[in-house]
Amino acid sequence: MSSPETAPLHDPAAEEERQLVRTWRSPTGFPGWFLPVNQREIGKRFIVTAFGFFIAAGILALLMRVQLAHPRLEFLSPDLYNQFFTMHGVTMMFLFAIPVMEGMAIYLAPLMIGTRDMALPRLNAFGYYVFLLGGLLLYAGFAVGLAPDVGWFAYPPLAGAEYSPTLRADFYATLIAFIEVAALVAAVELVVTIFKQRAPGMSLNRMPLFVWAILVTAFMIVFAMPAVMVASMMLALDRTVGTHFFAASGAGGPVLWQHLFWFFGHPEVYIIFIPALGMVSSIVGTFARRPLFGYTALVLSLIATGFLGFGLWVHHMFTVGLPQLAMSFFTGASLLIAIPSGVQIFCWIATLWMGKPVIRTPLLFVLGFFFIFTLGGLTGVMVASVPFDQQAHDTFFLVAHFHYVLIGGSVFPLMGGLYFWWPKFTGRMMSEKMGVASFALLFIGFNVTFFPMHELGLIGMPRRVYTYVEGMGWDNLNFIATVGAAVLTLGFAVTLINAIWSWFRGREAGPNPWNGDSLEWATASPPPVYNFRHPPVVRGRWPMWENPQPEDRVTGLRPDRREVLITTVLDARPQGIAVLPGPSIWPFLLALAVCVAFGGFMIHPAFFLVGFFAAFAIVVAWHWPGEEERLPPWKERTRE
Amino acid sequence: MNGEPVDVRRLSVYHFGNQGPLYWGILGVLAIESVVFGSLIASYLYMRMGEVQWPPPGTAEPKLLLPTIYTAILLASSIPVYWGDSGIERNDARALRWGMLIGIAMALGFLALKAIEYSDIDYFWNSHAYGSIVWAISGFHALHVLSLVLKTIVIDILAWRGYFNAERRLGVTINGIYWHFVVVVWIPLYFLIYWSPRML
């Protein structure tokens, strides 16, 4: 591969590439770290940071399992245990699962739709810094003994000022609201990019299923996240300025918090799960060596899941004492969601059945997903019925159920996706042997850890207790679960080693090592800073399998500034050009100002106003017209 | 497009209109804001449902006169802003400058009358749940109006310096969409706070 830097000067293609690199590259070095806006750079940061938080929360889980290995252990104090399970839940949900899926989406979706960057790239960078600062602040609180200790759903009155007088619950209330800003920003970005920047010819009914999944997820974020922001701001106000939103004596009361929280909290599960479904579709199609069976059914199932996901929240509240009619309705809705999930599973099985499956690590993780997620789905149908739920509520049965759904439904496909797209991220293949070993350890370790918890819950062990006494019949099952957790940890460690090893020693991958069908495989691995020298033109649903011709490409984008092609929403017909901004410090400064507004709020409400006006000043500076924009508007884009 | 690359050299750069990415971006922001206000409205109604007497005993029903006047002012403020927006489409910079200035003055009038109303009220956010939600909704919306004023001052400064014209008016268009949203979203809030205690 000849680097554009060394190619001869008279070659016009090399000259164009050199110019593209100059236009699109990101600054490096120390101050340069705060400037990049390119979508793949931001996506990579999201993924790496999220996995960092994943390791932290995983260590917390392992330590909790050690504490529970035997009755009456005093390895962790009750107070520390409370902080650990809260931080584990908060980190996994808010700092790992959502951001890592966003990172994958930000990295992959623009490549799959054949564009050079996302719409509104500076906003993208802003979202990342919000996520990073929020996460670091939460862990800074942890380090000084101020981690929230009220559970990841922080029910008042426990989370109210009376029963949680220290700053611990404030770290929860204000930082959750703050971190959600990152998710909302990314969601808007993704919707706009997917609607307006698809390659010519990629009409909606030709869009890869992963991109469909991301689109549905982004819409869900837009309609679900604001509820938890409102709720957590109300909680913060209750705690700092003495409002009565969730006071047990007041008109709202703790149940209002539960409604608002779960109106977000249930869609949240699908926000984590639907991108994983998209990854499964990418992997199944590629390794079955045939187009996916039932494309339309798969798309409609994703959309149906997106809608139904909003009608389930009360099934988290069956023990609250709500009207019977409401509970029956939500039972029905909860059972209903099994239908689109089932349709998808059958489509994938049909694809594998009719294809010639090649078993590689990514497909192994998908097969593991089928097994674990189906079990989680079955226990889901069980707890959807009110009488069973009232028995199993707040026991280890629930812990088993949601780990089967979240790890099986989301982390297994994510691991598969990591192995699948790793060559695209790094240009190198991960070791297949280590991949298989990692899968085996994870699959066995997972089931050994969480399967006994079903039984533990059924025989009465409640969740969130730091220890238990002998003679309850819980000893052996807890010990087995702890052993399983060790195996599970080993499985993740093998993948981590595999990643580091392959980074330096892995086999060179080439543009399309798996013979995948979508456009991310049309460019080099890793892609150049401008993604595509000539953005592709698409003629079907599986562009890489449909004999792409050299003339299926877009020409005429200027290499000397960051131009992307804008196409129509439905049919992706070329419509115009957008000129994107380059590296900028303002996103970081804005994130810092918003961080002062939210983080400072827990100390004094006045910080909110300081942050508000600082943010306003930064937004003005950000948008203040630069030199180039002062020139007369472009009538003709090309200088001929 | 058979056998030929798609040549986009002649396509123009979009700075405005409903085809550009920013237009869809602002729709996304409005969707998010609508859910935020929707959550606040739902919370208010949920609290109202749980009480026999609303507002609670000892608190008077909200007075109507002042709020109705400032609501009318806010609704009317969309007219000069619209006049300014459509002015710059015809390259009429004068309409833009004065339209924005009148809009800012009306929004400030809204905020001033609201401040008078709330300085004369006999409960606070920490008095009871009713006080919490009413202050939260009013305060949150007033913060939006304040940010409208600040944003539009910046737009107007640029307008007086002759920055905008018919082809370069993206900032004006986006600002206008957001202005009308903040005005329209006040209508349900007005009925919720001032009329629903009388009627529900």
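The points below concern the fold of chain A, its core and its contact with chain B.

1. This is a predicted model, in which local features need pLDDT of at least 70 and side-chain atom pairs count only at pLDDT 80 or more, while totals for chains, interfaces and linings use all residues. Residues are numbered from 1 along each chain as its sequence is written, and chains are lettered from A, with ligands numbered from 1, in the order in which they are written.

2. Chain A has 18 helices and three strands (DSSP runs numbered from the N terminus, helices being H or I of at least four residues and strands E of at least two). Its radius of gyration, taken over C-alpha atoms, is 25 Å, which agrees with the value near 26 Å for a compact globule of 640 residues (the rule being 2.2 Å times the number of residues to the power 0.38). Along the principal axes, the C-alpha atoms of chain A fill a box of roughly 80 × 60 × 50 Å.

3. Of the 640 residues in chain A, 55% are buried (20 or more other C-beta atoms within 10 Å of the residue's own, against 12 or fewer for exposed and partly exposed in between, with C-beta atoms placed from the backbone). Among contacts in chain A (C-beta atoms within 7 Å) between residues at least 6 apart in sequence, 79% join residues at least 24 apart.

4. The largest nonpolar core (buried Ala, Val, Leu, Ile, Met, Phe, Trp, Tyr and Cys residues joined through C-beta atoms within 7 Å) has 223 residues, and those with the most contacts inside it include Leu184(A) and Ile221(A). Helix 6 of chain A gives the largest share of this core, 25 residues. Leaving aside residues up to four places away in sequence, Leu184(A) touches Ile221(A), Val222(A), Met225(A) and, from the other chain, Ile32(B).

5. Val90(A), in helix 3 (residues 78-112) of chain A, counts as buried because it has 26 C-beta neighbours inside 10 Å. Beyond residues up to four places away in sequence, Val90(A) touches Pro148(A), Trp152(A) and Tyr172(A).

6. The contact between the chains takes 51 residues from chain A and 42 residues from chain B. On the side of chain A that touches chain B, the elements that give two or more residues include helix 5 (168-196), helix 6 (209-240) and helix 7 (253-288). Strand 1 of chain A runs parallel to strand 1 (residues 6-7) of chain B, joined by two bridges (at least two DSSP bridges being needed for strands to pair), and there Val554(A) has Val6(B) as its bridge partner.

Notes:
Two residues are in contact if their C-beta atoms, placed from the backbone, lie within 7 Å.
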